[in-house]
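Thanks, everyone, for making the time; I would like to take you through one model this morning, beginning with its domains and ending with its ligand. Please have a look at the sequence and the structure before I go on.

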Amino acid sequence: MTKKLLAILVVALLAISLVPATGQEDKPKIGFLPGVVDPFYQVMELGVNQAVADFDLEVITQYPPSWNVSEQTPIPDAYVARGDLDYIITAPVDKDQMIAPLQAAVDAGIKVITVDTFLGDGDYIDGPVTFPLSYIGSDNVEGGRIAGRALADVLGGEGTVYVQNTNVGVSTTEQRGEGFIEAISEFPGMELVGMDYNLDDANRAAEQTSATLQRVPDLGGIFGVNVFSAQGAGNAVIAAGLGGTVQVVAFDATQFAIEMLRNGDVTLVIAQKPFDMGYMAVEFAMADWRGVTSLPRRVPTGYAVITAENVDDPEVARFIYQVP
Ligand code: T6T
């Protein structure tokens, strides 16, 4: 065989190998990077996995051991180093400090979608950070307002309230705190007596809440802004024998929060839709991969507000976080 013929043969074989076999499509590979192991992100992972199965994709999932920038940062670095990922779906644990590691992923050719939490100010069109394809998650200011109005309502517009928050710099919980303060400030008789930061630790949340119950003996209500904040606040109220006396609004519909609601220790549970966030983020990655160019840069996913009256309604109960 002449050299020329051999060269033609090699080029032809190479061309054939690049064409997908009939019925097979070149598929994106996804990295999922949640905030921490908790029932909220575990349900989100179920949504991710369902969409991945529906689209016949592959996903790599890694959780940071705790809610912490220094523990989340190495994961996008490792995702870049693998060299085989096309998209990262992530909940950045800090709106400013996670910009650089995720920008590095984008620079390496990986597209980023944020779920639950956002980067910068969350406005990916006109804000300071525009590289993520979209931000899919709750309207957290509104979530805080729902909590504030609920406590004002149950306290008849008059009383002292306290907020159990997680960390400064977390977009979601920060906004829930803001929405809460905005809502109660519409009631002249409502007074905020404090907001503590538990670093996403239920034990610390319980200790801080116990100290507040001692400091403010007539405390009317508490807003626990997420899973561990509400869990710690609820435990402290129960331990003080004040269940049903101090009103607790719990963000995130864990089994534990629902049990406290059923026992009368929690007034209201605000359920987010983490399954939807995870599922939709994979759908967005797939749509982008297939060439869709007009994906919305912000998708608010909504809430279900759960009370003792509606908790058994299947249309409401379906939003309780069910972790296998
Ligand atoms: O409330 C969720 C999530 O929305 C927030 O960003 C962090 O905390 C949770 O994961 C619940 O623990």
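The domain bounds I will use come from an automatic or database domain assignment. That assignment gives domain 1 as 3–138 + 273–302 and domain 2 as 140–271. This is a predicted model, in which local features need pLDDT of at least 70 and side-chain atom pairs count only at pLDDT 80 or more, while totals for chains, interfaces and linings use all residues. Residues are numbered from 1 along each chain as its sequence is written, and side-chain values use heavy atoms, with hydrogens and water left out.

Turning to how the domains meet, their C-alpha centres lie 34 Å apart, and the contact, meaning heavy atoms within 4.5 Å, takes 16 residues from domain 1 and 16 residues from domain 2. Together they bury about 1100 Å², which is the accessible area (1.4 Å probe) that two parts lose on being put together, summed over both, and 54% of it is on carbon and sulfur atoms.

Between the domains there is 1 salt bridge, defined as a side-chain nitrogen of Lys or Arg within 4 Å of a carboxyl oxygen of Asp or Glu. Lysine 95 and glutamate 174 form a salt bridge through their side chains, at 3.4 Å from N to O.

Now to the ligand: which residues surround it? Among them are Phe40, Tyr41, Trp67, Arg176 and Asn226, where near means that a heavy atom of the residue lies within 4 Å. An oxygen atom of the ligand is 2.6 Å from a side-chain N or O atom of aspartate 38, and for aspartate 116 the corresponding distance is 2.6 Å. Glutamine 272 places a polar side-chain atom 2.9 Å from a ligand oxygen.

Notes
Polar contact = N/O pair within 3.5 Å; in protein donor to acceptor, adjacent residues only side chain to side chain.
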